[in-house]
Each structure stands twice: as structure tokens, then as C-alpha cells.
Amino acid sequence: MSNISILSDSLINKIAAGEVIERPASIVRELTDNSIDAGATRIDIEILDGGKKFIKVSDNGTGMERADALLCFKRHATSKINSEDDLFNLSTLGFRGEALSAIASVAKITLTTAQSGAETGTRIEVIPGRKNEIKDAPPVAGTTVETEDLFYNTPARRKFLKRTATELYHIIETVIQKAFAYPSISFSLRHNRNEVLNVPVSSSLKDRFTSLYGKEFTDEFFEIKGNGTGIRLYGFSSFTGFTRSARNHQFIFINMRPVKNPTVSHAVYNVYKGLIPKERHPAYFLFLDIDPQKVDVNVHPAKREVRFEKPDEIHRLVESAIYASLDSEDLKTVSHTGSPAMPLADKMAQAYDYKMSDHALVRESATNPFNETQTDIFSSGLAPSVFRFFHLGSSFFATVTDEGLLIIDQHAAHERVLYERFLGKSSIDPEPLFLPIRVELPVQEYNIVIKHRDFLNELGLNIDDFGANNVVIRALPGELHRTDIKGLIMDVASGIIEEETSGIKSELGKENLLRNIAARLACHRSIRGSEPLNDEELTRLMSDLDRADEPEKCPHGRPTKILLSLDELNKMFKRK
């Protein structure tokens, strides 16, 4: 008896759906792709319960006649390709002919469509295992697709769906990507009947960038333009003074298709290497228009990846274009702090905690009353009553103990102290700002901050909703008063997004969220490597560090201090 059998059509469809439809955002992506290919100038999206219960995508595109509407649910039914040559010369988004068939195999789906000028439209209701129900519909030009109860017939897959907030986050990201790439199309998104996003038609890509993210955010970016053989590069990348703690706000579009591509990402990071701190990340929105025959978009079922014919050529173009734009723009533009932007050479030096104009390794304490030189310090035996601490470079300070030479990373030490303070919450004292600060946020960050403002209030951040993607900061812990408020709020929102999209259960997620946000707050306010401290401040910092629960490392796991013992020093100098 044969061990090999042919799978049923129903099972084949469900397996195929698993490759294309991973979550509600996959449905939104596939349906908006179809709407864009149909020439729509308006796309409206409505969802319930993060898309798990209901998704509706409506457009004013060309619509379909009844015969095509019936065929579109068949596997690999498409109007985009007719031959093998077409497969390698693609200019459309939805070309595989799998989307509607895949959706219909794992959800209840209803399609309503009509062509312009038609006397009647078509409504088709598809439920797996039953005959399609076909009805006449009003002749409203365009197409509307409604899906209900995703994975209702595949419970094993349904249980892998995340919390509503997580699924909503992925849908918002999907819609923003589509809206960014197509400024000539208006997009709207409603969740549980509340408007989340409403983006009118924009006259240019730059205007669309501003409408999606706000002027305050987009002012932190410079424009990029570059050309190669059959390739055009354009978009935006962040100034070196505007970095993120995570790899969010990094988008790559190949022929208007949002993708992940290591070639392009590596080229971007090559430019910023040495210009920004190692633990920080640039933000960028890059578009590559390339001859379809030079790129293979058919390598991933969900169309998230592409393969270039000549990746080295792409890498060189991206790297050189960003270098050229960054060099010219960063020199003449005022940075987000309001001070003139540094030349690139100085920024590179600052990123390595090394001043080009000061080659001294050891410098004296800011409060040294005797103005002693380095030689004087060592010859005096570092008597505590005269000079307790001395600085090494611009990141470290040191002191002599009975055990040997103790070297402290002042940023890591301060970060540990503040982290435990925020983690405890009880020791936080919010202080009202003399003037409340308004901060404009991208739509995702805005929604996250508003949703969690009670939690943030427990950490001393008093935040009010100002509307139109704006929040007002009315009070902060005293330790945060001198920090970059906007950057702080953006990083806090990123931390919450990380936790909400991690898939961790809510009971554990609350604790993880507190640790994540506490670490970000501490990192923002902790003293920087180039910020000098006097002996009194250093003494206080060391005392606070000694009282910490885990004084040996910062929240990110880096050491706060290193002891060079007398025994180790003797070995180094060959005395043992």
C-alpha cells in the first residue's frame, strides 16, 4: 500500500494560506496591494479587535465585472502575468494570484465590486466548504472586501495570533508603509470605529512624510538623491544628532514595495559607523526605483524580500548617495538641539569619546583647587584630602583604594543609579515644568503613549492628549528636566512597542515593560561621557552606586567599574 497520497484542495489551500496570511496585517497588505494595482485614489480600512474579528478594505479603483469577480477566488488567478517573461518584468504589487484564495480558505470573506458605468455590481460571499453566494449589488465603482473571523476554521493557527494591541500595531505599520509609498492616494484607518489614521492626498513624497510623521519629526531628516544605471535612489535619512535606541523607523521600498534587505541596510550603517554611538541607530526611509529585470521580487511568498542582480552596485549607490547628502546637509543645517551642526570630522571624534583638540589621556578634576598637573597628581600620592578623583579621557574617572586603582564609567554608573530609582517608582518625585512642552509624534508612537499614559504617570511622566498626534508634557521627574524630551518620549514609545509585539504574556509583560522603560529613562538622563563632574558630584555618584542592588553593571549589562588590583599591577609591571 502506498505511503504517498495527494492532499485535498482544502488542505492545500490552508497550507498555502499559512505562507501568505500570517496575521491580520497580511490581509490588509494583500488587499491594499490589489486596490493600488486597480488604480484607486482612495483606500479606506476598517478593523475590529486588531483585525481578528473583522477587516474591511474599500477602494474607488476600476472594479471587476462579474466573470472576473468569480474567477479571482481561484488559486493563482491573476491579471498581472500571462507568461514566464512577465514574471521577471513585474511592475505591480499583487501578482501571484494567491491573496483572495488564501484569505477565503481561512476566513469568511465577502467581495462587492462594480466597474464605472456598469448597470449593476456583484456581491460574492465565500465560506469554506459551502457554495459561493452571488448577488447583485449597487453599481458603485470600486471594490470592497470584508473578512470575518480570521482562522476560525484553523484553531491551531488562530491561537498564535497576538494581543489586539500587537495586531493593531502591525496593521498601522502596514498602512503607513503603503501611504508613504503612494502620496497620490488617500488612506484612512479606523479601529473599533475610532479613527486611527486619515491621510489625504499629498503633492509630494516630502509632504506625505510630514503628514504621516509631523514636521517636528521630519525636520530631523535630510533628503537623499542618487542615480545609477537603471536605478534611482531617493528618500530621507536622519541627521547624526537624531538617533534611536532601536531599529524602528527604518523602511526600504523597492519599486514601491516595502521590503527587508541586508544589502541596503548594511550600506546605511556603513555611512553612520563612527558618526553615532555604537548602541544607537539611524532612522531612514529609502526608495529604490530599479529596472524590474534587475531585481527578483518572487523570492518570498509574502513579498517581504527581494534579490538584486548586482547587489554590490546597489550597496555603492546607497552608501555614496547618503555620504554626499549627509556631508552637504549636516554642515549647513542647524541640529535638532538648536545649535549649529558639527562638521563630520568632529562628530566622528565625539562618537569615539575623543577630542581632536585635546590629546591628553588624563585631565584634572574640575574642582582641583591646586591646579595640579598630571605629574603632580601621581607624585602627591593622590591624597584624598587634596584630590580624590581624576579623569581618564572624557568617559571615565578613577580613584585609588586600598585594593588598587578603581576605574568608573560615569555614564554606566549613573545609568544604574537612575534605573533602580525609576524601577522602584516610590522614590520618583514628578516636578511640574515651568512651561508645559508640546511634542508632535508619529501616529504609532502617539497612540502608544496615549494608551499607556497612566503607566507613564506612575514613572513621573505627566502626559496629556493635545490631539492631532500631539501630547503635552506637564511634569517630569527632576532628573529628566534637562534631557531631550522629544527623544525621550519617542524612545519610551519604542520600548512599549517592543514589549507589546514581543508575544510575552501580559502578566510577565507588565514587569518587562517597567524594566524596559526604566532603562530608557535612565539612559536619557544619565550623564554623558563628555560631561565633567566635580569631586562632590563624583562622591555622591559613587555613594549612590554603592547602595544600588546591582552596582557592578548598567541596565544593558556593561560594567560600571573595573578594579585594577595591586596584584594585577605588579604582574603588569613584571614585579611578580
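Reader: In what order do the five strands of the open sheet run?
Author: This is a predicted model. Here five strands come together as an open sheet, and their pairing is mixed. Reading across, the order is β9-β10-β13-β11-β12.

Reader: Which are the edge strands?
Author: Look for strands that pair on one side only. That fits residues 221-228 and residues 257-259, so to speak the rims of the sheet. Their names are β9 and β12.

Reader: What is the bridge partner of Gly226 in β10?
Author: Start with β9 and β10 (residues 231-238), which pair in the antiparallel sense over eight bridges. In one of the bridges to β10, Gly226 is matched with Leu233.

Reader: Which strands does helix α10 touch as it packs on the sheet?
Author: Helix α10 covers residues 262-272, and its direction makes about 130° with that of β13. The strands it touches are β9, β10, β11 and β13.

Reader: Is α2 roughly parallel or roughly antiparallel to α7?
Author: Take helix α2 (residues 24-37) and helix α7 (residues 164-181): their axes come within 8 Å and cross at roughly 20°. Angles under 35 degrees count as roughly parallel. Therefore α2 is, relative to α7, roughly parallel.

Reader: How many residues of the contact of α2 with α7 are nonpolar, polar and charged?
Author: On the α2 side, the contact includes Pro24, Val28 and Ile36, and on the α7 side it includes Glu167, Ile171 and Lys178. Sorted by kind, the residues of this contact come to six nonpolar, three polar and four charged.

How values were computed:
Residues numbered from 1 in each chain as written. Predicted model: local features only at pLDDT ≥ 70, side-chain atom pairs only at ≥ 80, totals over all residues. Heavy atoms only, no water. Axes fitted to C-alpha atoms, helices over the stretch in contact; angles between N-to-C directions. Helix = DSSP H or I, 4+ residues; strand = E, 2+ residues; numbered from the N terminus. Parallel < 35°, antiparallel > 145°, perpendicular 65-115°, else oblique. Contact = heavy atoms within 4.5 Å. Nonpolar A, V, L, I, M, F, W, Y, C, P; charged D, E, K, R; others polar. Pairing = 2+ DSSP bridges.
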